[in-house]
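Student: I have a model on screen and would like to know how its labels are earned. Could we go through them one at a time?

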Number of protein chains: 2
Amino acid sequence: MSPTSRIPQTPVEAEEDFYTSFLRLDADRMESIWSESPDLYCIHPGGELLQGRDAVLNSWQNIFTSADPPKLEYRLLYSRHEEKIAIHLVEENIRPSGSSHRAAVVLASNVYVLEGEGWRLFSHHASLPMMKRGRTEPDRKMH
Amino acid sequence: MSPTSRIPQTPVEAEEDFYTSFLRLDADRMESIWSESPDLYCIHPGGELLQGRDAVLNSWQNIFTSADPPKLEYRLLYSRHEEKIAIHLVEENIRPSGSSHRAAVVLASNVYVLEGEGWRLFSHHASLPMMKRGRTEPDRKMH
């Protein structure tokens, strides 16, 4: 539960810190990797919009206090880095600790921003694909 | 079904074209607003990852050929513009044509990029919040 000592020098390092904090249920580290912007936002799979540090960090605190460390692997599918902003498309494989269920595959769009001396997580938009209905057949009623 | 004649000069214009093409089921306009990058991606609500122009545009074609024009309103909740990239957080209110159901509220993270003479849509990650279970209580099993 000790805060991270390094300041991420790249978006990839920031992403490592983000997922490490999740893996270890480390609220201090999670707090340190989010942007200081009042506009930061987080959308958990199937979740409402959470905007601002309090709402976002409280949601992670709730997750951390109600769970054992999950098994978590993530894979960077795409990244685009500009001078002060980076877009990452990530596939997360998450299995709750002790669960015999197969891992859930979550898709996440993560945005990192350069703030001061390091990179921070600005937004995390995650979603859980429903059962496959067809190769290119999304929920037609919504879009 | 005529292609759009303007080249979006701002991310906001690109977003207008994106939602107008959806509203009018205009496949030509939809094609013109997406990035030429092979890495572009689209995640429809509850959908799998679609990556590349063919997969993304085919998905919209499928939607357009199976639907009447929806009622659609969108609201830009947050935007951050850099020199060549822009992040938009959007709330979409969508009601299928002729439906008496209340509108679905979809959250979308849209990324726009400056390509050549104009702005294009690079990624669209949309998700549909499930029923509210608590203010900051996402799906704890996933995160």
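Tutor: Gladly, and let us start with a cut-off: a residue is buried if 20 or more other C-beta atoms lie within 10 Å of its own, exposed if 12 or fewer, and partly exposed in between. Bear in mind that this is a predicted model.

Student: With that cut-off, what makes Tyr19(A) count as buried, exposed or partly exposed?

Tutor: Tyr19(A) has 17 C-beta neighbours inside 10 Å. Buried needs 20 or more and exposed needs 12 or fewer, so Tyr19(A) counts as partly exposed. Tyr19(A) sits in helix 1 of chain A. Leaving aside neighbours within four places in sequence, Tyr19(A) is in contact with Leu72(A) and Tyr74(A). Glu73(A) is 54 residues from Tyr19(A) in sequence, with 8.5 Å between their C-alpha atoms.

Student: How do you know that the span of helix 1 of chain A agrees with its number of residues?

Tutor: The expected span is 1.5 Å times one less than the number of residues. Helix 1 of chain A has 13 residues, 11-23, and therefore should span 18 Å; its end C-alpha atoms are 18 Å apart, which agrees. Just after helix 1 of chain A, Leu25(A) has a positive phi of about 50 degrees.

Student: Which residues of helix 1 of chain A are buried?

Tutor: They are Pro11(A), Ala14(A), Glu15(A), Asp17(A), Phe18(A), Ser21(A) and Phe22(A). Because these residues cover an arc of only 160 degrees around the axis, they lie on the same side of helix 1 of chain A. Their packing partners in chain A are helix 2 (27-33), strand 3 (71-81), strand 4, strand 5 and strand 6.

Student: What is the wider picture for chain A?

Tutor: Chain A has three helices and six strands, in the order α-α-β-β-α-β-β-β-β along the sequence. Of its 143 residues, 41% are buried.

Student: Now chain B. Why is strand 6 of chain B called largely enclosed by the rest of the structure?

Tutor: Nine of the 10 residues of strand 6 (residues 118-127) of chain B are buried, so the label follows.

Student: Which sense, parallel or antiparallel, does strand 6 of chain B take with strand 5 of chain B?

Tutor: Strand 5 (residues 104-115) and strand 6 of chain B pair in the antiparallel sense over nine bridges; at one of them, Val111(B) is the bridge partner of Ser123(B). These two strands of chain B form a hairpin with two residues between them, and Gly116(B) in the turn has a positive phi of about 60 degrees. With strand 1 (residues 41-43) of chain B, strand 6 of chain B pairs in the parallel sense over three bridges. Cys42(B) stands opposite His124(B) of strand 6 of chain B.

Student: Lastly, what makes the relation between chain A and chain B that of a two-fold axis?

Tutor: A turn of 180 degrees with a shift of 0.0 Å along the axis lays chain A on chain B with an RMSD of 0.0 Å. That is why we speak of a two-fold axis. In chain A, Ser127(A) has the C-alpha nearest the axis, 3.1 Å from it. The same surface serves both copies, since 100% of the contact residues of chain A recur in chain B. Each chain's share of the contact is 46 residues. By class, the side of chain A that touches chain B has 24 nonpolar, 13 polar and nine charged residues.

Conventions:
Residues are numbered from 1 along each chain as its sequence is written. Chains are lettered from A and ligands numbered from 1 in the order in which they are written. This is a predicted model: local features need pLDDT of at least 70, side-chain atom pairs count only at pLDDT 80 or more; totals for chains, interfaces and linings use all residues. Copies are superposed by least squares on the C-alpha atoms of residues with pLDDT of at least 70 in both. Two residues are in contact if their C-beta atoms, placed from the backbone, lie within 7 Å. Ala, Val, Leu, Ile, Met, Phe, Trp, Tyr, Cys and Pro count as nonpolar, Asp, Glu, Lys and Arg as charged, and the others, Gly among them, as polar. Helices (H or I, at least four residues) and strands (E, at least two) are DSSP runs, numbered from the N terminus. The arc is that of the directions from the helix axis to the C-beta atoms. Two strands pair if DSSP finds at least two bridges between them.
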